[in-house]
Amino acid sequence: VKSAVRQAREANVFLVFVVIDNPQNKDSILDIKVPVFKSGHQLPEIKPYMDYFPFPFYIILRDINSLPHVLCDALRQWFELVTAVDM
């Protein structure tokens with residue numbers, strides 16, 4: 001996935017990963033933990049999944065009715081990012 005995201009970025013494709021999360025905040029993606037293995041015989045650490053999420057731009061959406069507004073805001077932020085880099 002990281003390779004595909006990198007290729008899209010190099011092709012000037014703006015990706016926004018939209019996570020449709022549980023509106024009651026039960027079993028949220030923010031609650032998912034993953035083991036992180038280190039070298040040697042150390043025990044793995046348990047870290048939040050979102051710390052290792054492969055997409056640099058993502059939206060966690062709990063209210064599907066707000067999707068148009070949220071996508072519009074993401075696009076506005078992307079334009080701000082692009083114009084700031086060009087300056």
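## Exercises on salt bridges, a buried loop and confidence

Asp73 is partly exposed, because its relative accessible area of 28% falls between the limits for buried (under 20%) and exposed (over 50%), as found with a 1.4 Å probe on protein chains only. The model is a predicted one, in which local features need pLDDT of at least 70 and side-chain atom pairs count only at pLDDT 80 or more, while totals for chains, interfaces and linings use all residues. Residues are numbered from 1 along each chain as its sequence is written, and side-chain values use heavy atoms, with hydrogens and water left out.

**Exercise 1.** Find the residue with which Arg76 forms a salt bridge at 2.4 Å, and then follow Arg76 to Glu80.

*Solution.* Step one is to look at Arg76 and Asp73, which form a salt bridge (a side-chain nitrogen of Lys or Arg within 4 Å of a carboxyl oxygen of Asp or Glu) with their closest N and O atoms 2.4 Å apart. Step two is to place the pair: both residues lie in helix α2, 3 residues apart, which is about one turn of the helix; helices (H or I, at least four residues) and strands (E, at least two) are DSSP runs numbered from the N terminus. Step three is to turn to Glu80, whose side chain meets that of Arg76 in a salt bridge of 2.7 Å from N to O, and these two residues of helix α2 are 4 residues apart, again about one turn. Step four is the exposure: Arg76 counts as partly exposed because its relative accessibility is 40%, and Glu80 is partly exposed too, at 45%.

**Exercise 2.** Which residues are joined with Lys38 into one network by salt bridges that share partners?

*Solution.* The network is made up of Lys38, Glu45 and Lys47. Within this network, Glu45 forms a salt bridge with Lys38, and the closest N and O atoms of that pair are 2.5 Å apart. Glu45 is partly exposed, with a relative accessible area of 30%, and Lys38 is likewise partly exposed, at 42%. For the structure as a whole, the count of salt bridges is 5.

**Exercise 3.** Describe the surroundings of Ser28, beginning with the loop in which it is placed.

*Solution.* First, Ser28 is found in the loop between β1 (17–20) and β2 (33–36), and Asp21 belongs to the loop between β1 and β2 as well. Second, Ser28 counts as buried because its relative accessibility is 2%, and Asp21, with a relative accessible area of 6%, is buried also. Third, the side chains of Ser28 and Asp21 are joined by a polar contact of 2.6 Å, meaning N or O atoms within 3.5 Å, one able to donate a hydrogen and the other to accept it, with sequence-adjacent residues counting only if both atoms are side-chain atoms. Fourth, a polar atom of the Asp21 side chain lies 3.2 Å from the backbone nitrogen of Ile29. Finally, leaving out residues up to four places away in sequence, Ser28 touches Asp21 and Arg62, where contact means heavy atoms within 4.5 Å; with its neighbours within four places set aside, Asp21 is in contact with residues including Asp27, Ile60, Leu61 and Arg62.

**Exercise 4.** Where in the chain is confidence lowest, and where is it highest?

*Solution.* Begin with the chain average, a pLDDT (the predictor's confidence in each residue, from 0 to 100) of 88, with 98% of the residues scoring at least 70. Then compare the elements: helix α2 (residues 67–86) has the lowest confidence, at a mean of 86, whereas β3 has the highest, at 94.
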